[in-house]
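User: I'd love a close look at one part of this protein, the helix beside the ligand and the sheets it packs on. Could you walk me through that part?

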Amino acid sequence: MELETVPGVGARTAEQLSALDDPERALREGDVTTIARAPNISEGRAARIARNAIRERHGDQAEFLQTDRARELYQSALSLLQERAVTDHARKHLETLYPSTSQSRIEEVRAFVAEAIDHEPGSAVLAALSDVSPIESPTNLRVRERCVATADAETYARAEQQFPALSVELVDDARDLSELARGYSTVIAVDEAFAGLDLGENVRVRPDAFDQIDEIVPERLLSFFATNRDRLRAAASVHEIAGLDPPCDLDTLDDCLDRLNGDGTIAGDEELARLQRALDDLDAVIATAERVANDQLRDAIQERDVTIEGADLLSLVEQGARVDSLLERELSEEFTEAVEAAREHLCETLAVEEYDAIAERVFPDEPAFPVERRPETVSQLRTELTAARDRRAERLKADLASELSVLRDPAETLVDQALELDVKLAVSRFTQEFDCTLPTINHDGTETGVHIEGGRSPLLDVPFHAVEPVEYTVEGNALLSGVNSGGKTSLIDLVGFVVILAQMGLPVPAVRARLERFDSLYYQAKSQGTLDAGAFEATLRSFGDLVAGTGNRLILVDELESITEPGASAKIIAGILGALDEQGATSVFVSHLAEEVQAAADIDVQIDGIQAVGLVDGQLEVNRSPVKGRLARSTPELIVEKLATDDETEHRFYERLLARFDDDTD
Ligand SMILES: Nc1ncnc2c1ncn2[C@@H]1O[C@H](COP(=O)(O)OP(=O)(O)OP(=O)(O)O)[C@@H](O)[C@H]1O
């Protein structure tokens, strides 16, 4: 299975996806993430669409799995794989695996598996994978300080479409543009007609804007990387730990990500930080500077004795002068010192040498008490600082965006490869944990049936290490008999499970396995008791449909006799077997009535038996692998045999009983 991104398969909406020639391929390659990236489609919905699209096109899976029990076995296989995936994405991706009847599809998955099982699922890789999730596209990006302007209605419509993050303004002429420039830090005029005009500092004429979207709106790239920063870092460490070949230089990517804040603004630039700090602190610093000056002045006034001659005082009063003049006359030195102290505090604390001249003017030379800022100069300083900060930020954004533009596609590949590794590791862990091997599948019908050597089912209620390996060959139509709890149901479960996994293209839990490629699997589970007339009729009808069908089918049936009376059951099973034999189908019927069925059948039916090999501490010891062509010795027979050979019992009676069993088997 090829999971590389294929050119031409980009983000699709659900509708586009179902219109694709080969949605299955598209889904597998860009797959669930791809449509999930389309706006308004959640990943869960995307996964459902993905599955439905596949099913519609390849009715395959629905046709292959004919019964509830067959579908349950498929679900078990899927769950065992999914439990070994780390990411949701990989779990959803695994759902695109299904038992197929197509040789090319099976071989495609097998090629993927052959590569997947080379990957070692180390715990560090698994931990790193837990932070990887599919790339997200940021939505609702708005850039307020820049706008696009045009005098042409058609261009306006195009700009609205191409620059969703910016305001687009329709202007009449160059005067309008200059007017507009007051409300924005930059106006991008996109008409050729504006070229060469003097439009002011913050109007840029860019007729090429439509080809340079990343340069005009660097925020787009920056917010993409900011949104995906954590998953990109996680995907990068997955590559490093797992030794995958990364699609870009990871140090460069890391360095670029270091320069981004989570909200897409620039991080780690000292100059920008200095300007921003100056702006943030401006009011507080000015207030402190005022306090510094006033404290100093107050102390000076308190310490001074002012002597003023009566004539001078009179002259001042006559002039209508206020006490400020007194200050000027008597305390001018102290006043100058206090203002100096305020200016020094302001300039040093803000650390904006280039604006010291303006800063100094915040506190004018005119004597006054208390010393106060000059508001119009403060606002001039603020405007200058804001402009400087914006210019710096814009340049840094543009620089970073131009570095990131070449990393945009590799970033997606980086995450896709990490997620794909998760799918591979799930397959690889499944294979290792359940000692699986890729089975041999015969596609041309030259070999028939299912052959399992050393098969160990992961579906049992015992821990996997305690599962005894079984050998079993299913060819033609057979009856499977055996002691109670000998493992008959478990065995046909294993047969069904192996066939489903094999036709999904996956390895199977056996030392070796060979099978023909089947068209469908029909598995009738054991009924919980005798069926009422209606349910019995429905079951019979389903067998009617089954024997009327064609194609090479595998049929597994568990104790059909439990649905009705034993006598009738034996006849019905014998009849079904006869019909299946005519069609060359492959089947196993688990039955406690094997002998009765054999006697009622018109054809030769082989009976395979799961034998009890003895009694150990009152418990049956069972050979889990059926003996071909041999009816299993029953539990009562074993007990009679034990009594017949036991020294302390009345031998003759038990020997005669045992002889009756021997007569039967002969
Ligand atoms: N290969 C095996 N290795 C270890 N334990 C097994 C194996 N196969 C079956 N068992 C154990 O035997 C139990 C009974 O198995 P199973 O239900 O398949 O027997 P059965 O022959 O179908 O029983 P019944 O006669 O009641 O239909 C299982 O629950 C499981 O614990």
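Analyst: Happy to. Let's begin with the ligand. The shell around the ligand has four nonpolar, seven polar and four charged residues. Of the 15 residues in this shell, Glu468, Gly487, Lys488, Thr489 and Ser490 come nearest to the ligand. Please keep in mind that this is a predicted model. Helix H22, which covers residues 488-504, is the element that gives the most to the shell, with three residues.

Now to what H22 packs on. One partner is an open sheet of four strands in the order S5-S9-S6-S7, where the pairing is mixed. Its edges are strand S5 (440-442) and strand S7 (470-474), and each of these pairs on one side only. From one strand to the next, the twist averages 10°. H22 touches S5, S6, S7 and strand S9 (512-516) of this sheet, and the direction of H22 makes about 110° with that of S6. Within the sheet, strand S6 (residues 450-455) and S7 run antiparallel and are joined by four bridges. If you want a pair to find on screen, look at His451, whose bridge partner in S7 is Thr473.

There is a second sheet to look at. This open sheet has five strands in the order S10-S11-S12-S8-S13, and the pairing is parallel. Strand S10 (520-524) and strand S13 (606-610) are the edge strands, each pairing on one side only. Here the twist averages 15° from one strand to the next. H22 lies across strand S8 (477-482), S10, S11, strand S12 (586-590) and S13, and runs at about 155° to S11. Five bridges link S10 with strand S11 (residues 553-558) in the parallel sense. A handy pair here is Tyr522, which stands opposite Ile555 in S11.

The nonpolar packing brings us back to the helix. The largest nonpolar core has 109 residues, and those touching the most other members are Val238, Val495, Val498, Val499 and Leu521. Leu521 is a good place to zoom in: leaving aside residues up to four places away in sequence, Leu521 touches Phe64, Leu65, Gln66, Ala70, Gly496, Val499, Ile500 and Leu554. Another core, of 22 residues, lies apart from the largest one and includes Ala149, Ile188, Ala189 and Val190.

For the wider setting, the protein chain comes to 27 helices and 15 strands. Of its 666 residues, 38% count as buried. Among contacts between residues at least 6 apart in sequence, 71% join residues at least 24 apart.

Definitions and conventions. Residues numbered from 1 in each chain as written. Predicted model: local features only at pLDDT ≥ 70, side-chain atom pairs only at ≥ 80, totals over all residues. Core = buried A, V, L, I, M, F, W, Y, C linked by C-beta atoms within 7 Å. Buried ≥ 20, exposed ≤ 12 C-beta atoms within 10 Å, placed from the backbone. Contact = placed C-beta atoms within 7 Å. Near = placed C-beta within 6 Å. Helix = DSSP H or I, 4+ residues; strand = E, 2+ residues; numbered from the N terminus. Nonpolar A, V, L, I, M, F, W, Y, C, P; charged D, E, K, R; others polar. Pairing = 2+ DSSP bridges. Axes fitted to C-alpha atoms, helices over the stretch in contact; angles between N-to-C directions.
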